[in-house]
Amino acid sequence: MKRETYGLWYKHNSNLITTPSMALMTRKEGIESYGLYMHFADTLHSVGGFIKYDFNDICLMLGYTKKNIKAKLGRVLNDYDLFDFDEDEDGIEMIGLQRLREDIEALTKRKINSSKGGKKRAENHQKKQEEEQEEVKISKVFRDMSRDEQIKFVDYVKRKGEFPECKLKAYENAIKPY
């Protein structure tokens with residue numbers, strides 16, 4: 001799994017504390033266990049949703065060194081079915097939250113689609129600028145034509161239907177007087 005740092009915000013379940021497994025945990029372990037859960041969940045989000053399950057490394061990463069906090073964290077991770085366990089392609093046991101993985105995948109997809117949209121907007125802008133430059137060239141050529149050539153040109157363009165009505169009016173108004 002690619003290790004990439006993700007944004008600081010992610011969706012939290014609004015009723016998380018009232019879910020049966022979370023309610024059981026907070027009743028047995030105290031509200032501090034909810035803080036341990038959220039601290040680890042926030043850390044998981046910043047690393048992509050799942051990390052290698054090595055309890056000692058997790059404790060060091062979170063900064064928990066006291067035996068009673070480590071013991072409580074161990075129970076939070078293992079006893080209440082709050083986290084998902086998985087194996088990566090190398091057979092290493094991973095711990096995480098599937099909903100975080102799905103959020104991150106959606107975020108990544110949105111980032112890719114936004115990039116595609118930005119490129120498309122840039123292409124459209126460049127195309128519009130080229131069309132405007134072409135219009136300026138046509139306008140210069142139009143001004144250099146004789147009156148009869150201008151009238152023939154406007155009639156020709158009307159028949160082909162290449163220009164919008166507003167451009168045709170502009171060309172008709174620009175025809176040289178007698």
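## Cores and a helix face: two worked exercises

The largest nonpolar core in this predicted model has 24 residues, and the ones with the most contacts inside it are Y37, F40, I58, L73 and F83.

**Exercise 1.** Work out which elements give two or more residues to this core, and which residues F83 is in contact with once its neighbours within four places in sequence are left aside.

*Solution.*
- Step 1: go through the elements. Those giving two or more residues are α1, α2, α3 (55–62) and α4.
- Step 2: look for the largest share. That is six residues, and they come from α2.
- Step 3: now zoom in on F83. Taking contact as heavy atoms within 4.5 Å, and skipping neighbours within four places in sequence, you get Y37, F40, L44, V76, L77, I95, G96 and L97.
- Step 4: don't stop at one core. There's a second, separate one of eight residues, with V154, V157, L168 and Y171 among them.

**Exercise 2.** Find out which residues of helix α1 (residues 20–29) are buried, and what they pack against.

*Solution.*
- Step 1: pick out residues under 20% relative accessible area. In α1 these are M22, A23, M25, T26 and E29.
- Step 2: look down the axis of α1. The buried residues fall within an arc of 160 degrees, so they line one face of the helix.
- Step 3: recall the geometry. An α-helix has 3.6 residues a turn, so residues three or four places apart point the same way.
- Step 4: flip to the face turned away from the buried side. Here sit the exposed residues P20, R27 and K28.
- Step 5: find the partners. The buried residues of α1 pack against α2 (31–47) and α4 (67–78).
- Step 6: check what follows. Just after α1, G30 takes a positive phi of about 95 degrees.

Technical notes:
Residues are numbered from 1 along each chain as its sequence is written. This is a predicted model: local features need pLDDT of at least 70, side-chain atom pairs count only at pLDDT 80 or more; totals for chains, interfaces and linings use all residues. Side-chain values use heavy atoms; hydrogens and water are left out. Buried means under 20% relative accessible area, exposed over 50%, partly exposed in between (1.4 Å probe, protein chains only). Helices (H or I, at least four residues) and strands (E, at least two) are DSSP runs, numbered from the N terminus. The arc is that of the directions from the helix axis to the C-beta atoms. A nonpolar core is a set of buried Ala, Val, Leu, Ile, Met, Phe, Trp, Tyr and Cys residues joined through side-chain atoms within 4.5 Å.
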